[in-house]
Protein chains: 2
Amino acid sequence: MTPSPFAPAELPEPPMVAGVRLATAEAGIKYRGRTDVLLMAFDEGTTVAGTFTTSRCPSAPVEWCRMQLPRGTARALLVNSGNANAFTGKKGRAATQLSAELAAKALGIAPEDVFLASTGVIGEPLPAERFGTVMDAAAARLAPSGWAAAARAIMTTDTFPKAESRTVTLSGGSVTITGIAKGAGMIAPDMATMLSFIATDAAVDAPTLQAMLSAGVSKSFNKITIDSDTSTSDTVLAFATGASGAAVAAGSADAALFAEALDSLLLSLAHWVTKDGEGCTKFVAITVEGAESDASAGKIAKSIADSPLVKTAIAGEDANWGRIVMAVGKAGEPADRDRLAIWFDHVRVAVEGERDPDYSEAAASEVMKKPEIAIRVDLGLGSGRDTVWTCDLTKEYVAINGDYRS
Amino acid sequence: MTPSPFAPAELPEPPMVAGVRLATAEAGIKYRGRTDVLLMAFDEGTTVAGTFTTSRCPSAPVEWCRMQLPRGTARALLVNSGNANAFTGKKGRAATQLSAELAAKALGIAPEDVFLASTGVIGEPLPAERFGTVMDAAAARLAPSGWAAAARAIMTTDTFPKAESRTVTLSGGSVTITGIAKGAGMIAPDMATMLSFIATDAAVDAPTLQAMLSAGVSKSFNKITIDSDTSTSDTVLAFATGASGAAVAAGSADAALFAEALDSLLLSLAHWVTKDGEGCTKFVAITVEGAESDASAGKIAKSIADSPLVKTAIAGEDANWGRIVMAVGKAGEPADRDRLAIWFDHVRVAVEGERDPDYSEAAASEVMKKPEIAIRVDLGLGSGRDTVWTCDLTKEYVAINGDYRS
């Protein structure tokens with residue numbers, strides 16, 4: 001697989017998070033010669049928050065996490081790549097139960113304190129018994145460092161590992177937030193799933209952590225689209241160990257600082273996932289403003305970002321603003337053709353429903369050659385505004401997703 | 001452009017429709033060395049019905065037709081290919097006015113009796129004055145035959161002309177319905193638009209014709225999707241000249257016969273448009289049954305048909321039913337993962353939310369090699385049912401829509 005043009009040369013080892021220990025292993029679920037299991041252990045008292053796919057056909061691990069989440073505490077996370085344990089019926093439920101039991105036994109905790117995520121092929125039963133062969137050794141290897149290795153163990157069609165970290169100085173001391181993610185977005189249910197795991201040594205009660213995570217995800221992972229296809233397995237989990245001793249109380253100034261850092265970390269991870277979208281050669285920010293509401297702006301921005309014709313034009317470095325108009329028109333949201341204005345970066349290509357009188361094909365073409373492009377649409381109706389991020393649609397996307405048999 | 005694998009060897013000249021005369025011309029709007037103008041003239045007393053794009057940013061000709069339609073009568077139709085006259089602001093309105101005036105003058109009728117449609121590039125002003133140079137000669141050439149030439153004149157990225165005809169024996173005599181269409185579906189707003197024009201010599205009052213056309217379109221053109229992108233210019237117009245002397249009264253047995261023939265004609269045209277989708281190599285019927293309602297079944301079928309991952313898998317001849325599950329799950333409609341069953345043609349690949357115990361990879365692969373494939377999903381919830389038609393997503397689609405500049 002050709003690496004994304006946005007792939008960094010290397011991933012520096014992310015900062016450790018007090019109260020978190022990690023280990024990876026090779027269980028041979030599907031891949032050979034690489035790690036495919038991630039085990040994280042959390043200190044007692046760790047709180048947890050989560051957001052999951054909106055799919056009506058969610059995977060068995062998503063159902064497991066939803067079942068455990070209301071208690072608000074966690075002691076471990078077990079993730080595998082290569083098999084999504086999705087659409088596996090009763091076998092899928094049995095596999096989650098067995099996975100949690102194997103991890104719990106190795107760590108001396110209760111199965112319901114183990115959170116689970118799986119990513120890979122849909123419809124194949126997950127051979128969870130294979131975790132048994134590596135779990136005790138993995139538990140023995142648990143160490144506070146290893147986030148980069150963790151980011152690698154959860155990859156599927158990703159072409160590079162993704163991690164981000166933030167340090168925040170709170171009134172009670174300095175805290176760290178470190179997170180990893182894998183994609184490639186909502187792009188690949190065959191190699192399913194967008195997964196992200198974040199841990200902090202701040203002390204945050206579960207409802208506060210959940211509120212901050214939900215708010216952050218709505219502005220980051222929920223604002224990216226690679227191919228409009230929603231995975232059965234999308235999972236974001238955040239764990240707060242409290243090991244730093246610094247507490248984040250709901251509504252405090254510390255909470256605002258912490259939420260700001262968390263938002264920034266989630267957005268960076270979401271951008272990395274987009275930049276590693278299958279076949280991606282361009283990273284595109286699409287902003288719609290002047291809408292009747294922020295929600296309306298968001299729907300129109302999503303309609304533009306999901307349009308195959310807009311995405312293929314971007315792949316072809318074609319400043320094809322007619323396709324932006326088309327995507328605005330099909331969104332079903334209030335829009336007035338004759339008030340529309342459209343920019344590619346700083347170049348205004350259309351105004352008042354017509355091609356800009358000062359339109360320069362050369363200037364627009366120059367913008368389209370850049371690897372990162374900002375598209376802005378002003379509807380001229382109100383003050384609603386939103387941004388979504390996407391990548392282009394290339395022949396490589398079709399090849400990756402269609403050439404299995406040929 | 002490589003012809004679609006579904007392109008017929010030739011288009012036989014379709015049956016004439018009494019009361020309709022046709023002519024084509026080369027106005028050089030964009031193309032050279034081919035016809036790009038279609039003029040149809042209708043006998044006095046011809047009724048008209050129409051359905052149009054749901055885009056909030058419709059083209060100027062769509063607005064013109066919507067303005068004239070309530071009167072229910074028509075004397076002419078003027079269509080051009082190469083320029084969509086969409087997103088052209090006040091210039092676009094002026095161009096429709098001038099187009100109608102030029103046709104009206106050549107035919108000795110009123111401008112408001114002229115219906116208009118344009119297909120091609122978005123955002124370029126339409127040089128309607130060029131119609132003036134060909135209109136008198138076209139009017140002089142008007143003849144009852146020429147439907148095949150008409151189908152050719154309205155093509156853009158289409159790889160073959162599309163026409164269908166039906167003859168119905170009514171109590172008052174035999175009537176003919178002939179129609180033409182161009183695509184490539186909702187696929188190409190750069191070369192914009194799905195257009196279809198149907199004429200009959202039956203006598204049908206405008207409200208009855210409108211009701212039958214709307215019902216027929218909802219079961220045909222509104223059930224196909226090539227790339228989920230809705231054109232600014234989609235237009236279907238039906239004209240009834242009454243020249244056969246056979247009347248179709250609302251609610252009569254004749255109306256049922258006529259509607260059946262019209263439905264069949266619209267469905268055939270819609271299938272031809274799908275089979276000529278850009279880059280299409282497979283024609284796929286997607287049926288969802290066992291839904292809570294027909295509308296719910298339709299939404300889920302559309303979600304499957306629009307999924308890039310389903311479409312690339314079909315292009316790769318991959319019986320990837322996990323992606324069907326994904327698309328069912330993301331549709332947002334009621335579904336119970338553990339009741340799902342999925343078939344590719346006669347091969348059941350999944351049942352009760354798991355891979356079919358008798359699943360044969362070889363049998364499923366055999367189905368995927370066929371040019372026409374039926375996918376069936378049973379949700380096991382109720383009796384709602386619907387079918388949509390689509391094509392696959394290939395590298396050629398990306399090339400056609402993204403390679404302009406490279």
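This is a tutorial dialogue on reading the chain contact and the salt bridges of a predicted model.

User: How many residues does each chain give to the contact, and how large is the area buried between chain A and chain B?

Analyst: The size of an interface is often given as the accessible area lost when the parts come together. Here that area is about 5,500 Å² between chain A and chain B, with carbon and sulfur atoms giving 54% of it, and the contact draws 71 residues from chain A and 71 residues from chain B.

User: How many salt bridges and how many residue pairs in polar contact are found across the interface?

Analyst: Eight salt bridges are found across the interface of chain A and chain B, and one pair that can be inspected in the model is A:Arg355 with B:Glu124, whose closest N and O atoms are 3.0 Å apart. Across the interface there are also 18 residue pairs in polar contact, counted where both residues have pLDDT 80 or more.

User: Which elements of chain A give two or more residues to the side that touches chain B?

Analyst: Among them are helix H1 (60–68), helix H2 (89–107), helix H9 (321–330) and strand E16 (354–355) of chain A, and the largest share, eight residues, comes from H9(A). By class, this side of chain A has 28 nonpolar, 21 polar and 22 charged residues.

User: How many residues of helix H9 of chain B are buried?

Analyst: In helix H9 (residues 321–330) of chain B, nine of the ten residues are buried, including B:Trp321, B:Ile324 and B:Met326. Just after H9(B), B:Gly332 takes a positive phi of about 80°.

User: Turning to salt bridges over all chains, how many does the structure hold, and which parts does the pair A:Glu372 and A:Lys275 tie together?

Analyst: The structure holds 40 salt bridges over all chains, and in one of them the side chains of A:Glu372 and A:Lys275 meet at 3.2 Å, N to O. Since A:Glu372 lies in strand E17 and A:Lys275 in helix H6 of chain A, the pair ties together parts that are 97 residues apart in sequence. A:Glu372 is partly exposed, with a relative accessible area of 38%, whereas A:Lys275 is buried, at 13%.

User: Which distant parts of chain B does the pair B:Arg376 and B:Glu289 link?

Analyst: The side chains of B:Arg376 and B:Glu289 meet in a salt bridge at 2.7 Å, N to O; the pair links strand E17 to strand E13 of chain B, with the two residues 87 residues apart. B:Arg376 is partly exposed, with a relative accessible area of 29%, and B:Glu289 is buried, with 15%.

User: Which residues do salt bridges that share partners join into one network?

Analyst: The network consists of A:Glu63, A:Arg93, B:Arg337 and B:Asp338.

Terms used:
Residues numbered from 1 in each chain as written. Chains lettered and ligands numbered in written order. Predicted model: local features only at pLDDT ≥ 70, side-chain atom pairs only at ≥ 80, totals over all residues. Heavy atoms only, no water. Contact = heavy atoms within 4.5 Å. Buried area = accessible area lost by both parts, 1.4 Å probe. Salt bridge = Lys/Arg side-chain N within 4 Å of Asp/Glu carboxyl O. Polar contact = N/O pair within 3.5 Å; in protein donor to acceptor, adjacent residues only side chain to side chain. Helix = DSSP H or I, 4+ residues; strand = E, 2+ residues; numbered from the N terminus. Nonpolar A, V, L, I, M, F, W, Y, C, P; charged D, E, K, R; others polar. Buried < 20%, exposed > 50% of the residue type's maximum accessible area, 1.4 Å probe, protein only.
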